[in-house]
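Let's take a walk through this protein together, starting with a small detail and working outwards. Keep the 3D view open as you read.

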Amino acid sequence: MENIKLNFKYSKGKLLVETQEELFDPIIEQYKLSQDKEKMEQYYNNSIKDCVLEMFKNIQSDDLFKELNDELLNLIREDSYVTKLLVLKTITVSLETLKERYLTQIGDIIPYVSELLEDSNTEVKKCSVDLLQYIEKLTGESYQTYLE
């Protein structure tokens with residue numbers, strides 16, 4: 001993970017598109033390594049988060065940026081509540097860090113996050129409510145607007 005993060009950080013978007021795409025699946029799979037919440041949160045904070053952020057920051061192509069985001073959003077449909085929580089954290093930190101560039105993905109993000117309002121895990125529900133409220137604060141619009 002550290003090597004991938006550094007490659008994106010220092011390549012400044014000059015990695016070949018094919019190379020970038022080939023890295024998406026292995027990175028996305030990192031979110032599913034374990035059901036142990038504490039262990040995964042530690043791994044997320046120490047490795048996954050920074051790697052994914054560097055990828056988002058340094059992907060030049062809007063299509064590739066969207067593709068990575070779509071791969072991330074698809075994890076919301078996994079059975080693991082731990083995976084869902086980590087994805088919600090990634091979306092939040094991406095909004096905080098990437099600001100306007102990540103806001104372009106809001107139309108794709110909100111339907112996925114809204115699905116989690118019905119999740120059986122209370123922690124996932126709370127985290128999705130918090131994220132939707134944060135999005136409303138950033139955009140100044142109700143998240144319902146994006147669902148119409």
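First, a term we'll need: a polar contact is a pair of N or O atoms within 3.5 Å, where, within protein, one must be able to donate a hydrogen and the other to accept it, and residues adjacent in sequence count only if both atoms are side-chain atoms. Also keep in mind that what you're looking at is a predicted model.

Now find Ser80, which sits in the loop between H4 and H5. Its side chain has a polar atom 3.2 Å from the backbone nitrogen of Val82. The Ser80 side chain also makes a polar contact with the side chain of Gln35, at 2.9 Å. Is Ser80 buried or exposed? Its relative accessibility is 9%, and buried means under 20%, so Ser80 counts as buried.

Let's zoom out for a moment. The protein has nine helices and zero strands, so if you trace the chain from the N terminus, you meet α-α-α-α-α-α-α-α-α. Of its 148 residues, 43% are buried. Take the contacts with a separation of 6 or more: 69% of them are between residues 24 or more positions apart. On the outside, the protein exposes about 7,900 Å², and carbon and sulfur atoms supply 46% of that.

What about the inside? In soluble globular proteins, nonpolar side chains tend to be buried together. Here, the largest nonpolar core has 42 residues, and the members that touch the most others are Tyr31, Ile91 and Tyr102. Helices H2 (17–29), H3 (37–58), H4 (62–74), H5 (81–98), H7 (106–115) and H8 (122–139) each give two or more residues to this core. Which of them gives the most? That's H5, with nine residues.

Tyr31 is a good place to look around. Beyond its neighbours within four places in sequence, Tyr31 is in contact with Met40, Tyr44, Ile48, Val52, Leu72, Leu75, Thr83, Leu86, Val87 and Thr90.

Several of those partners belong to the next stop, H3. Among the buried residues of H3 are Met40, Tyr44, Ile48 and Val52. An α-helix has 3.6 residues a turn, so residues three or four places apart point the same way. Other buried residues in H3 include Ser47, Cys51, Glu54 and Asn58. At its N-terminal end, H3 is capped by Asp36, with a side-chain oxygen 3.2 Å from the backbone nitrogen of Glu38. Further along, H3 bends by about 55° at Tyr44. How does its length work out? With 22 residues at 1.5 Å each, H3 should span 32 Å, and its end C-alpha atoms are 29 Å apart, which agrees.

Next, hop over to Leu73 in helix H4. Its relative accessible area is 0%, so Leu73 is buried. Which residues does Leu73 touch, not counting those up to four places away in sequence? They are Ile91, Asp108, Ile109 and Tyr112. Leu73 and Ile109 are 36 residues apart in sequence, yet their C-alpha atoms are 7.0 Å apart in space.

Our last stop is Ser94, in helix H5. Ser94 is buried too, with a relative accessible area of 0%. A polar atom of the Ser94 side chain lies 2.7 Å from the backbone oxygen of Thr90. Leaving aside neighbours within four places in sequence, Ser94 is in contact with Leu53, Phe56, Lys99 and Tyr102. Two of these take us back to familiar ground: Leu53 and Phe56 are buried residues of H3, while Tyr102 is one of the core members that touch the most others.

Terms used. Residues numbered from 1 in each chain as written. Predicted model: local features only at pLDDT ≥ 70, side-chain atom pairs only at ≥ 80, totals over all residues. Heavy atoms only, no water. Core = buried A, V, L, I, M, F, W, Y, C linked by side-chain atoms within 4.5 Å. Buried < 20%, exposed > 50% of the residue type's maximum accessible area, 1.4 Å probe, protein only. Helix = DSSP H or I, 4+ residues; strand = E, 2+ residues; numbered from the N terminus. Contact = heavy atoms within 4.5 Å. Expected span 1.5 Å × (residues − 1). Bend = angle between axes of the 7 residues up to and from the residue. Areas by Shrake-Rupley, 256 points an atom, 1.4 Å probe, with all protein chains shown as cover.
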